[in-house]
Amino acid sequence: MKRSVLVMIACYAAFAVAFAQSFVADGIDYDIVADTEFGASAKVVSISDASAIVDGGLMFPSIVYNEGKGYTVTEIGNSILPDVSGKVPENTELVEALKGVRSITFPEKLLEIGYGNFNGIALLSEVKFGSYLKEICYG
């Protein structure tokens, strides 16, 4: 009985991940993490456009809207930025904007920052974290 319940849970989790709803807002790509009567949250999965960077600052919103519904930004995924260290990038405008980033502001209710983020941002001098942050992965 326990085994069949675990198999059902694993299948549901795989199904949920495979069909996660994604959307883009202001140059940032998101996956919906939760959408229940108790609240809705989203995870940043990539920065896709230079419009996400304004005046040398990268600021992640606390709430992002998709189709009129607000999602609290609670996670930053792994390796969300393109490599700025020298390989020929696909999005040169974004890479050039990232090279000029001096500050990053994370949302207040952010819980986790994945690994492999923000490498090669040489001018970064200010980072603001929210008080809910529990984990910063490295690697």
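These legends walk through several close-up views of one predicted protein model.

Before you dive in, residues are numbered from 1 along each chain as its sequence is written, and side-chain values use heavy atoms, with hydrogens and water left out. Since this is a predicted model, local features need pLDDT of at least 70 and side-chain atom pairs count only at pLDDT 80 or more, while totals for chains, interfaces and linings use all residues.

**View 1. How confident is the predictor in this chain?** The score to look at is pLDDT, the predictor's confidence in each residue, from 0 to 100. The protein chain averages 83, and 79% of the residues score at least 70. Now find residues 5–18, where the pLDDT is below 50. Beyond near neighbours in sequence, this stretch has zero contacts in the model (a contact means heavy atoms within 4.5 Å).

**View 2. F23 meets two tyrosine rings.** Rings of Phe, Tyr and Trp (its six-membered ring) pair if their centres lie within 6.5 Å; planes under 30 degrees apart count as stacked, over 60 as edge-to-face and the rest as tilted. The structure holds five aromatic pairs. One of them joins F23 and Y30: this pair is stacked, with 5.3 Å from centre to centre and 20 degrees between the planes. F23 also pairs with Y71, and here the centres are 5.7 Å apart and the planes sit at 40 degrees, so this pair is tilted. F23 belongs to strand β1 (residues 22–25) and Y71 to strand β7 (residues 69–76), so their pairing ties together parts that are 48 residues apart in sequence. Those strand labels come from DSSP runs, numbered from the N terminus: strands (E) need at least two residues, helices (H or I) at least four. Are these rings buried or exposed? Both F23 and Y30 are buried, and so is Y71. Buried means under 20% relative accessible area, exposed over 50%, and partly exposed in between (1.4 Å probe, protein chains only).

**View 3. A cluster of phenylalanines.** Swing over to F60, F106, F118 and F129. Ring pairs link these four residues into a cluster.

**View 4. D35 and its partners.** D35 lies in strand β2, and it counts as partly exposed at 39% relative accessibility. Which residues does D35 touch, not counting residues up to four places away in sequence? They are A40, K69 and Y71. With K69, D35 forms a salt bridge whose closest N and O atoms are 2.3 Å apart. (A salt bridge is a side-chain nitrogen of Lys or Arg within 4 Å of a carboxyl oxygen of Asp or Glu.) Strand β2 covers residues 28–36 and K69 is in strand β7, so the D35 and K69 pair ties together parts that are 34 residues apart in sequence. K69 is partly exposed as well, at 34%. Y71, the residue you met beside F23, joins in here too: a polar contact of 3.4 Å links the side chains of D35 and Y71. A polar contact is a pair of N or O atoms within 3.5 Å; within protein, one must be able to donate a hydrogen and the other to accept it, and residues adjacent in sequence count only if both atoms are side-chain atoms. In sequence, D35 and Y71 are 36 residues apart, and their C-alpha atoms are 8.2 Å apart in space.

**View 5. Two more salt bridges.** The count for the model comes to three salt bridges. K99 forms one with E96, the closest N and O atoms being 3.6 Å apart. Both lie in helix α2 (residues 92–99), three residues apart, which is about one turn of the helix. K99 is partly exposed, with a relative accessible area of 36%. The side chains of E126 and K128 also meet in a salt bridge, at 3.6 Å from N to O. E126 is partly exposed at 37%, and K128 is partly exposed at 43%.

**View 6. Two loop residues with positive phi.** Most residues other than glycine have a negative phi. D55 has a positive one, near 50 degrees. Look for D55 in the loop between β4 (53–54) and β5 (57–59), where it is exposed with a relative accessible area of 74%. E67 is not a glycine either, and its phi is positive at about 50 degrees. E67 is found in the loop between β6 (63–66) and β7, and counts as exposed at 74%.
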